[in-house]
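Please examine the structure shown below and follow the explanation one part at a time.

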Amino acid sequence: MKKYELFINGEFVPNGNREMIQVINPATEEVISEVPKATAEDVEKAVDAAYEAQKEWAKLPAIERAGYLYELADLVSKNLDLFGKINAEEVGKPLAQAKAEASYLPDYIKYFAGMARHIKGEVITSDRPNENIFLYKVPIGVVAGIMPWNFPLFLIGRKVAPALIAGNTVVLKPSSDTPNGCYEFARLVAESSLPKGVINVISGAGSVVGQGLSENPKVGMVSMTGSVSAGEKIMAAAAKNITKVSLELGGKAPVIVMDDCKLDETVEWVVASRIINTGQVCNCAERVYVQEGIADKFIEKVIERMKKVTFGNPMDDKDMGPLVNKGQQEHVDAMVQEAVKEGARIACGGHKAQVDGKGFYYEPTVLVDGKHSMKVFHDEIFGPVLPITTFKDLDEAIACANDCEFGLTSSIYTTNADTMMKAMNQIQFGELYVNREHFEAYQGFHQGVRKSGLGGDDGEHGLEEFLQTRICYVDYDTNKK
Ligand code: NAD
């Protein structure tokens, strides 16, 4: 069994008698590795290392920083099979999806390395005769990258690549469910020529490591992806030093299916958006509103399609693997049971499951006879469960979609251009997908409103999050010879 070590200032720190966390394969329930539980003192050491390293890192021209990023991306690309396998083992993601996620990591790093020559300022016209006003961008300093378990490889890219190209250094904290990929990444960082301390990796409890990073005065920004409850705690801890936070939190994506949709394609898009990563994606289709005229046909086809969804060991590459842990399995089941108590009917699935007597699986499930007032239409399920209800007109559907404390992603299926434009203007979510599955692009801007977060990732706007804006007023003398 593999035992990993904290990675601080370019060195792996021997575990000694440090407390360890056991990492479990959710398909087999076997312990697959042990990772160290960092202490408050370790957190300080990692932040100090990143803080010292940042002074020289920031001085490098961005194009030189890009060179290091390309080197890292190449190293990851040479190890995609390993990363794919680890991802399948620790998350329970079917192997093809696990490998696809692994391939996003070098791709995303290269995308941001390509931004090296795109960090721009402005020269602003002054109200005074002999003055130039320069607005320019500088790095923030040390970025704490606090990660969830659902995309443990891709999220390394989101935390590291824009931060580094902007001139910041990073302390990464993986989820205790899925730290292995992050430590394998650390191994490649150690092999690379990246200066010591630019990337550090420390695992441990959110209440110790996440909290310690968020309240450390040497941390300039906390970039966290995870649940609303952890986001609230991070915000409170960061408030001690008025530290910048960028929070990518939960979602409750509404799906609006209009009478004039392309029916068969819509069924495929909606089902795909629910079952990817066994429904454990922040932008997954979480609740469906279908217009009355098409409702019967749509629901029948969704049930038929969901019944065909296969699940099994991630290595057997079915449509879905298990949920990430027992707690998640219990949570999904409790949501289904509660919906049934409130009057919903299970049209298919609705049970916890095992494969070969093991694993935290859940059957692909459709809940019909739903009502917008039910809990299952408001709380994040994060599993392969699709609750469906009906609506009369677009205004009603938009009102239901917006009646939500989350505000991350949403979607609408229609062939009417007026309906699309109305949805674009009135659906109050950070992201809207029209006639396609729920999944974002590197060059987009992934951000939630309301309790789904603060700040955003990806693209040029995502890069801006990792930069500070400064301004300088220069009065010059035109008569000077
Ligand atoms: P989580 O909040 O339990 O954990 C996320 C990270 O926060 C972990 O590293 C954890 O250790 C840390 N943490 C926990 N308590 C902390 C504290 N008090 N202080 C500081 N750090 C703390 O989330 P999870 O269960 O790993 O991930 C699932 C959640 O993430 C879902 O709600 C999902 O919607 C969300 N998510 C959002 C996005 C997005 O882009 N918006 C993407 C992926 C996942």
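In this predicted model, 27 residues surround the ligand, and those that come nearest are M147, S227, L249, E380 and H446. Several polar atoms of the protein can be located beside the ligand. In the side chain of E380, an N or O atom is 2.6 Å from an oxygen atom of the ligand. H446 likewise has a polar side-chain atom, which lies 2.7 Å from a ligand oxygen atom. G206 takes part through its backbone: one of its backbone N or O atoms is 3.3 Å from a nitrogen atom of the ligand.

M147 deserves a closer look. This residue belongs to the loop between strand 8 (142–146) and helix 5. Is M147 buried or exposed? Its relative accessibility is 6%, and therefore M147 counts as buried, since the cut-off for that class is under 20%. Leaving out residues up to four places away in sequence, M147 touches P152, L155, I156, K159, L172, K173, P174, S175, C182 and T225. One of these contacts, K159, is 12 residues from M147 in sequence, and the two C-alpha atoms are 8.4 Å apart in space.

T225, another of the residues that M147 touches, leads the reader onward. T225 is placed in strand 11 (residues 219–225). With a relative accessibility of 13%, T225 also counts as buried. Which side chain makes a polar contact with the side chain of T225? The partner is the side chain of K159, at 2.7 Å. Beyond four places in sequence, the residues touched by T225 are I146, M147, P148, L155, K159 and E248. K159 thus appears among the contacts of M147 and also among those of T225.

The next topic is the packing of helices. Two packed helices are described by the angle between their axes and by the distance between those axes. Helix 4 (residues 95–113) and helix 5 (residues 154–165) have axes 9 Å apart, at an angle of about 10 degrees. Angles under 35 degrees count as roughly parallel, and helix 4 and helix 5 are therefore roughly parallel to each other. On the side of helix 4, the contact is formed by E101, Y104, L105, Y108, I109, F112 and A113, while helix 5 contributes F154, I156, G157, R158, A161, P162 and I165. By class, these residues comprise 11 nonpolar, one polar and two charged.

Helix 5 also packs with helix 2 (residues 62–77): the two axes come within 9 Å and cross at roughly 150 degrees. How are helix 2 and helix 5 oriented, roughly parallel or roughly antiparallel? Because angles over 145 degrees count as roughly antiparallel, helix 2 is roughly antiparallel to helix 5. The contact involves A62, R65, A66 and L69 of helix 2, together with A161, L164 and I165 of helix 5. Its residues divide into six nonpolar, no polar and one charged. A161 and I165 of helix 5 are thus listed in the contact with helix 2 and also in the contact with helix 4.

Helix 9 provides another position to consider, for V270 is located there. V270 counts as buried, with a relative accessibility of 1%. Apart from residues up to four places away in sequence, V270 touches V255, A285, V288, F298, L386 and Y413. By contrast with these contacts, G357 is 30 Å from V270, C-alpha to C-alpha, and 87 residues away in sequence.

The backbone itself is the next topic. Most residues other than glycine have a negative phi. T278, however, has a positive phi, near 55 degrees. This residue lies in the loop that joins helix 9 (263–275) and strand 14 (285–291), and T278 counts as buried at 1% relative accessibility. D369 also has a positive phi near 55 degrees. Its place is the loop between strand 18 (365–368) and strand 19 (385–391). D369 is partly exposed, as its relative accessible area is 44%.

The loop between strand 18 and strand 19 also contains H372. Is H372 buried or exposed? The residue counts as buried, its relative accessibility being 17%. Setting aside neighbours within four places in sequence, H372 is in contact with R287, Y289, F377, H378, T389, C400 and D403.

Definitions and conventions:
Residues are numbered from 1 along each chain as its sequence is written. This is a predicted model: local features need pLDDT of at least 70, side-chain atom pairs count only at pLDDT 80 or more; totals for chains, interfaces and linings use all residues. Side-chain values use heavy atoms; hydrogens and water are left out. Axes are lines fitted to C-alpha atoms, for helices over the stretch in contact, and angles run from 0 to 180 degrees between N-to-C directions. Helices (H or I, at least four residues) and strands (E, at least two) are DSSP runs, numbered from the N terminus. Angles under 35 degrees count as roughly parallel, over 145 as roughly antiparallel, 65 to 115 as roughly perpendicular and the rest as oblique. Contact means heavy atoms within 4.5 Å. Ala, Val, Leu, Ile, Met, Phe, Trp, Tyr, Cys and Pro count as nonpolar, Asp, Glu, Lys and Arg as charged, and the others, Gly among them, as polar. Buried means under 20% relative accessible area, exposed over 50%, partly exposed in between (1.4 Å probe, protein chains only). A polar contact is a pair of N or O atoms within 3.5 Å; within protein, one must be able to donate a hydrogen and the other to accept it, and residues adjacent in sequence count only if both atoms are side-chain atoms. A residue is near a molecule or strand if one of its heavy atoms lies within 4 Å of it.
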